[in-house]
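Trainee: I would like to learn how to read charge on a protein model that comes with DNA. Where do we begin?

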There are 4 protein chains.
Amino acid sequence: MSDAPFDTMDEAAASRARQEADPDPEAGGIAADRLRSIIERVERLEEERKALADDIKDIFAEAKSAGFDVGVVKQVIRLRKKEPAEVEEMETLLDLYRRALGM
Amino acid sequence: MSDAPFDTMDEAAASRARQEADPDPEAGGIAADRLRSIIERVERLEEERKALADDIKDIFAEAKSAGFDVGVVKQVIRLRKKEPAEVEEMETLLDLYRRALGM
Amino acid sequence: MSDAPFDTMDEAAASRARQEADPDPEAGGIAADRLRSIIERVERLEEERKALADDIKDIFAEAKSAGFDVGVVKQVIRLRKKEPAEVEEMETLLDLYRRALGM
Amino acid sequence: MSDAPFDTMDEAAASRARQEADPDPEAGGIAADRLRSIIERVERLEEERKALADDIKDIFAEAKSAGFDVGVVKQVIRLRKKEPAEVEEMETLLDLYRRALGM
DNA sequence: CAAGAATTATGAACCC
DNA sequence: GGGTTCATAATTCTTG
């Protein structure tokens, strides 16, 4: 595959070449370009994810300064993710268990 | 935020709203509309976040089926987030400690 | 267990006896004594676990004040949990991927 | 916490430790014995921690086969860790928010 | 054995 | 700024 076989280079030179000039698309038997593509796409998406996380944080800060209890608001959001029937069922059981324990 | 949102509702509609959601935008002294806005915005952003997480998962699945070791790829990504000098420092220490332990 | 008649038992013991004889001794059809036993045993074990976690934290504090890099020490401990061959394999791959990316 | 962990070892034990793992107690300018002591103590405590975790897991398995909802039992345990007043307060707020949202 | 849930650990954020 | 709680990431374990 390579036009400049590494067996005529010493290791350091080969390494330099790979890094600086020709990132050998199959260096070490690896599909380097494929790997780079994968990593860069993940990094891009992670950045977007982080931006959204920051936005969410801002909203909770707003909630807090509006006087809401952020922990409880988060709990509400968690409940809304579940099926109402499931919530109902869990709350019934929770009541039952607490009663059994005298809580 | 309107203080009298029901002015334009007929009685039946108002009644339904009261029953199903919240008749009183200040029930229990709570700014219900404000709370709802906060929660819905967070939920919207969380959906987007989830979509991105799924995309990332897809990419790792692709990496795996291309023969890459996903754990190691993640490690590479983690390393790329750090300053090169910091990485260097950690690796030097790691070597030192392992040597001290005969590993 | 005890051969002593119920009137010399404390409440817990009486309760236990009640459960063994009658699987449905309490409100809501719940085996309250069984539940209580489960919860109390878990809580006891969790306390012990917490104590151990605190001890570990103390040791890392000691390591830090002795000049060790705690993050790297933890990494060493993680490595020691793995098979040497597995560690070797991962490090080889990591090198390979980093080289492919010019890191 | 002892600053001199070898105080409690006899000479033979200290000597054995040095021999098996690292012959040079100061390899690389590192207090190798100190490091080894730290790591081995942590590993010992982590083993105990794991044993307790397994015990807890067993109890939850028992709870499950006795017909309890393990998730709800865990929730009860979480509630019991909090101050009753705090639980009460949170539940009041939760009710309030849910009502405001018509949940 | 792969997918999903649950636990654990690390890193970030908040309060004191 | 240090310590503690909280969020995210990773590993582990269970289940289909």
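Mentor: With the surface charge. This is a predicted model. One positive surface patch is formed by B:Lys57, B:Lys74, B:Arg78, B:Lys82, C:Lys57, C:Lys74, C:Arg78 and C:Lys82. Two elements each give two or more residues to this positive patch, namely α3 (70-81) of chain B and α3 of chain C. B:Lys74, for instance, sits in helix α3 of chain B.

Trainee: Which residues form a negative surface patch?

Mentor: C:Glu83, C:Glu86, C:Glu88 and C:Glu89 form one. Of these, C:Glu88 belongs to helix α4 of chain C, which covers residues 84-101.

Trainee: Now the DNA. Which residues are around DNA strand E?

Mentor: A residue is listed if one of its heavy atoms lies within 4 Å of the strand. For DNA strand E the list is A:Lys57, A:Lys64, C:Arg49, C:Lys74, C:Arg78, D:Arg49, D:Ala53 and D:Lys74. At least two residues of the surface near this strand come from each of α2 (32-65) of chain A, α3 (70-81) of chain C and α2 (32-65) of chain D.

Trainee: Which part of DNA strand E lies within 4 Å of the protein, sugar and phosphate or bases?

Mentor: Sugar or phosphate accounts for 100% of the atoms of DNA strand E within that distance. To go further, look at single polar contacts, for which the cut-off is 3.5 Å between N or O atoms. The side chain of A:Lys57 has an N or O atom 3.0 Å from a phosphate oxygen of DNA strand E. For D:Arg49, a polar side-chain atom is 3.1 Å from a phosphate oxygen of this strand. With C:Arg78 the distance from a side-chain N or O atom to a phosphate oxygen of DNA strand E is 3.2 Å.

Trainee: And which residues are around DNA strand F?

Mentor: They are A:Arg49, A:Lys74, B:Arg49, B:Arg78, D:Lys57 and D:Lys64. Of the atoms of DNA strand F that come within 4 Å of the protein, 100% are sugar and phosphate. Phosphate oxygens of DNA strand F lie 3.0 Å from a side-chain N or O atom of A:Arg49, 3.1 Å from one of B:Arg78 and 3.4 Å from one of D:Lys64.

Trainee: That leaves charge pairs within the protein. How many salt bridges are found over all chains?

Mentor: The search of the whole structure gives 32. One salt bridge joins the side chains of D:Glu91 and A:Arg98, at 2.6 Å from N to O. This pair crosses between chains: D:Glu91 is in helix α4 (residues 84-101) of chain D, and A:Arg98 is in helix α4 (residues 84-101) of chain A.

Terms used: Residues are numbered from 1 along each chain as its sequence is written. Chains are lettered from A and ligands numbered from 1 in the order in which they are written. This is a predicted model: local features need pLDDT of at least 70, side-chain atom pairs count only at pLDDT 80 or more; totals for chains, interfaces and linings use all residues. Side-chain values use heavy atoms; hydrogens and water are left out. Patches are made of residues with over 30% relative accessible area and no salt bridge: like charges are joined within 9 Å, nonpolar side chains (Val, Leu, Ile, Met, Phe, Trp, Tyr) within 5 Å. Accessible areas come from the Shrake-Rupley method with a 1.4 Å probe; for residues, only the protein chains shown count as cover. A salt bridge is a side-chain nitrogen of Lys or Arg within 4 Å of a carboxyl oxygen of Asp or Glu. Lys and Arg count as positive and Asp and Glu as negative; His and the chain ends are not counted. The place of a charge is taken as NZ of Lys, CZ of Arg, CG of Asp or CD of Glu. Helices (H or I, at least four residues) and strands (E, at least two) are DSSP runs, numbered from the N terminus. A polar contact is a pair of N or O atoms within 3.5 Å; within protein, one must be able to donate a hydrogen and the other to accept it, and residues adjacent in sequence count only if both atoms are side-chain atoms.
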